[in-house]
Amino acid sequence: MVSDYAKDVLVDTQWLADHLDDDSIRIVEVDENPGLYAEAHISGAIGFDWKKDLQDQVKRDFLGPEAFGELFGSRGISNDHEIVLYGDRNNWFAAYTYWYLKYYGHDNVKLLNGPREKWISEERPTTTDVPSYPPATFRAQAGDDAIRAKRDEVLAALESGIKLVDVRSPQEFSGELIAMPGYEQEGAQRSGHIPGAASVPWAQAVREDGTFKPADELRELYGGKGVTNGSPVIAYCRIGERSAHTWFVLHELLGQGDVKNYDGSWTEWGNLVDVPIERDV
């Protein structure tokens, strides 16, 4: 277990290896590339496709509480289970699912400190077998708006003391790129960033192996950009997964109280009519 952070929200690979047969735990893999789960995953891990399983298939939004509860229950996850999340891309969508679970009131959740690549690089056991757990009851609570920001709140933040943090790459922040290379089809109409936002790319919070930097280094990183000065914070990226990773760092690891994830992010803001943007190019 990792203990030098504000909250006990991480488990290391050895801890997880020691608890693979613990039926009070459900391991969940959520990848940016959903095909990876079929290639190899941790024994007993349940795989969620972030786009097909965790998102509304008609509107650009995530599942309502009833559908969310039905999804988790159908996979054998109950409210009594401790959920341990991991995935590829340094846990982008694992952190997003962590935030999502917190939004719907499930507090018994942890993140593996390091992505699936770390587990595999340590030559820990994997399988292609898909687990089958008996259906369970999972009840989602009403969404917690204390950790989720929507566009009107972000617009209002421009005139208040709320700190905005843009966790995308410097090229996306400046306006040189609308989206990351390879994701152009998911871009917005306009490039740039929300006025007044601080640029703190999400990847600066992790080491080369994808584990999180120590708390003192994280405080120095975000403090140097004025993000941890005590003001409320709203984090955003392109579609909300990288900013969920930063939300996890600020809210869970550093214990900053008033932090929200704007999951509409630049894909929404950059397509809105009559909202301000800034560009550095």
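Here is a chat between a student and a tutor about a predicted model.

Student: Let's start with helix 9. What span from first C-alpha to last does helix 9 reach?

Tutor: Helix 9 covers residues 241-253, which makes 13 residues. At 1.5 Å a residue, the expected value is 18 Å. The model comes close to that, with a reach of 17 Å.

Student: And how many of the residues in helix 9 are buried?

Tutor: Buried means under 20% relative accessible area. By that cut-off, helix 9 is mostly covered. The count of buried residues is 13 of 13.

Student: Which residue with a positive phi follows helix 9?

Tutor: Look just past the helix for a phi near 75°. That positive value belongs to G255.

Student: Now for the charges. How many salt bridges does the structure hold?

Tutor: To count as one, a side-chain nitrogen of Lys or Arg must be within 4 Å of a carboxyl oxygen of Asp or Glu. Going through the structure that way, the total is 15.

Student: Take the salt bridge between E252 and K7. How many residues apart in sequence are the parts the pair ties together?

Tutor: The two side chains meet with N to O at 2.9 Å. E252 lies in helix 9, while K7 is in the segment before strand 1, so this pair ties together parts whose separation in sequence is 245 residues.

Student: Is E252 buried or exposed? And what about K7?

Tutor: The cut-off for buried is under 20% relative accessible area, and partly exposed sits between that and 50%. E252 has just 1% relative accessibility, so it counts as buried. K7 has 33%, so K7 counts as partly exposed.

Student: E252 also forms a salt bridge with K102. Which helix does K102 lie in?

Tutor: In this bridge the closest N and O atoms are 3.8 Å apart. E252 sits in helix 9 and its partner is elsewhere, so the pair ties together parts 150 residues apart in sequence. Both E252 and K102 are buried. The home of K102 is residues 92-103, helix 4.

Student: Which residues are linked with E252 in a network of salt bridges?

Tutor: We've already met two partners of E252: K7 and K102. The network takes in D107 too. So, going by the 4 Å rule for a salt bridge, the residues linked with E252 are K7, K102 and D107.

Student: Which residue meets R242 of helix 9 in a salt bridge?

Tutor: The N to O distance for this pair is 3.0 Å. R242 lies in helix 9 and the partner in helix 7 (residues 170-174), so the bridge ties together parts 70 residues apart in sequence. Both residues are buried. The partner is E172.

Student: Let's look at the surface. Which residues form the negative surface patch?

Tutor: Asp and Glu count as negative. One member, E220, is found in helix 8 (residues 215-223). E220 has a relative accessible area of 63%, so it is exposed. The full patch is D4, D216, E217 and E220.

Student: What is the phi of S265 near?

Tutor: Most residues other than glycine have a negative phi. S265 is found in helix 10 (residues 265-269), and S265 is buried at 0% relative accessibility. Its phi is positive even though it isn't a glycine, near 50°.

Student: And D274, is it buried or exposed?

Tutor: D274 is in the segment after helix 10. It also has a positive phi, about 65°, although it is not a glycine. At 75% relative accessibility it passes the 50% cut-off, so D274 counts as exposed.

Student: How far apart in space are V154 and W269, C-alpha to C-alpha?

Tutor: V154 lies in helix 6 (residues 151-157), and V154 is buried at 0% relative accessibility. Along the sequence, V154 and W269 are 115 residues apart. In space, the distance is 9.4 Å.

Student: What separates the C-alpha atoms of E159 and L218?

Tutor: E159 has its place in the loop between helix 6 and strand 8, and E159 is exposed at 74%. The two residues are 59 residues apart along the chain. Their C-alpha atoms are separated by 27 Å.

Notes
Residues numbered from 1 in each chain as written. Predicted model: local features only at pLDDT ≥ 70, side-chain atom pairs only at ≥ 80, totals over all residues. Heavy atoms only, no water. Patch = residues over 30% accessible without salt bridge, like charges linked within 9 Å, V, L, I, M, F, W, Y side chains within 5 Å. Areas by Shrake-Rupley, 256 points an atom, 1.4 Å probe, with all protein chains shown as cover. Charge placed at Lys NZ, Arg CZ, Asp CG, Glu CD. Helix = DSSP H or I, 4+ residues; strand = E, 2+ residues; numbered from the N terminus. Buried < 20%, exposed > 50% of the residue type's maximum accessible area, 1.4 Å probe, protein only. Expected span 1.5 Å × (residues − 1).
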